[in-house]
Amino acid sequence: GKAAAIQLLNSNETFTAVVAYNDNMAIGAMNEFLDQGIAVPNDVSVIGFDDLFFATTCRPALTTLHYPIREMAAYAVKLSLSLCNKELPDTNQLHRFIPSLVTRSSVKPLGAFD
């Protein structure tokens, strides 16, 4: 995340937000922005992905996408056990695991943009 932030800053591109591949990269980018005097979220909003525990403990707390890992794991175990028992999965049944946005203080509130 730090390396990506440095590359972005050196590109001279104008940006107001960063969506990182995961929370680790988002926090690395946030730290680099802060080290360079760029205020998060006032100058740049940052969003991660994974909703890891430390997303709540970093400052500012990281806005992130929470993926339903427990539901996904439970479904994977159920499917694996079915396949071990030579039961064919129902191919007509669609399974969707929808992420949810967990808003914290690394983004500007809606309507706060200049």
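How many residues does α3 have, and how far does α3 reach from its first C-alpha to its last? Keep in mind that what you're looking at is a predicted model. In this model, α3 has 16 residues and reaches 22 Å from its first C-alpha to its last, which is close to the 22 Å expected at 1.5 Å a residue. Just after α3 comes Lys86, and its phi is positive, near 60°.

While you're at this helix, take a look at Tyr75, which sits in α3 (residues 69–84). Its ring teams up with the ring of Phe97: the centres are 6.0 Å apart and the planes are at 55°, so this pair is tilted. Phe97 belongs to the loop between α3 and β4, 22 residues away from Tyr75, so the pair links distant parts of the chain. How well covered are these two? Tyr75 has 26% relative accessibility and counts as partly exposed, and Phe97, at 21%, counts as partly exposed too. Because the cut-off for buried is under 20%, neither makes it into that class.

Now for the aromatic pairs as a group. A pair of aromatic rings is described by the distance of the centres and the angle of the planes. The count here comes to three aromatic pairs. One of them joins Phe15 and Phe33, a tilted pair with 5.9 Å centre to centre and 40° between the planes. This pair also links distant parts of the chain: Phe15 is in the loop between α1 (2–10) and β1 (17–19), while Phe33 is in helix α2 (residues 23–35), 18 residues apart. Phe33 is buried, at 1% relative accessibility.

Phe33 also leads us to the inside of the protein. The largest nonpolar core has 15 residues, and Phe33 is among those with the most contacts inside it, along with Met30, Val44, Val46 and Leu62. Helix α2 gives the most to this core, with five residues. Follow Met30 and you'll find, leaving out residues up to four places away in sequence, that it touches Val40, Val46, Cys58, Pro60, Leu62 and Ser106.

Let's pick up that last name. Is Ser106 buried or exposed? With a relative accessible area of 0%, Ser106 is buried. You'll find Ser106 in the segment after β4 (100–102). Setting aside neighbours within four places in sequence, its contacts include Met30, Val44, Val46, Leu62 and Thr63.

Thr63 makes a good next stop. Thr63 lies in strand β3 (residues 63–66) and counts as buried, at 1% relative accessibility. Its side chain reaches the backbone nitrogen of Arg104 at 2.8 Å. Beyond residues up to four places away in sequence, Thr63 touches a whole list of others, among them Val46, Ile47, Gly48, Leu101, Val102 and Ser106.

What about the cysteines? A disulfide is a covalent bond between the sulfur atoms of two cysteines. How many disulfides does the structure hold? Zero. Cys58, which we met as a contact of Met30, is buried with a relative accessible area of 14%, whereas Cys84 is exposed at 61%.

Finally, hop over to helix α1, where Ala4 lies. Ala4 is partly exposed, with 38% relative accessibility. Between the C-alpha atoms of Ala4 and Ala39 the separation is 17 Å, and these two are 35 residues apart along the chain.

Note on methods. Residues numbered from 1 in each chain as written. Predicted model: local features only at pLDDT ≥ 70, side-chain atom pairs only at ≥ 80, totals over all residues. Heavy atoms only, no water. Helix = DSSP H or I, 4+ residues; strand = E, 2+ residues; numbered from the N terminus. Buried < 20%, exposed > 50% of the residue type's maximum accessible area, 1.4 Å probe, protein only. Contact = heavy atoms within 4.5 Å. Phe/Tyr/Trp six-rings, centres within 6.5 Å; stacked < 30°, edge-to-face > 60°. Core = buried A, V, L, I, M, F, W, Y, C linked by side-chain atoms within 4.5 Å. Disulfide = S-S within 2.5 Å. Expected span 1.5 Å × (residues − 1). Polar contact = N/O pair within 3.5 Å; in protein donor to acceptor, adjacent residues only side chain to side chain.
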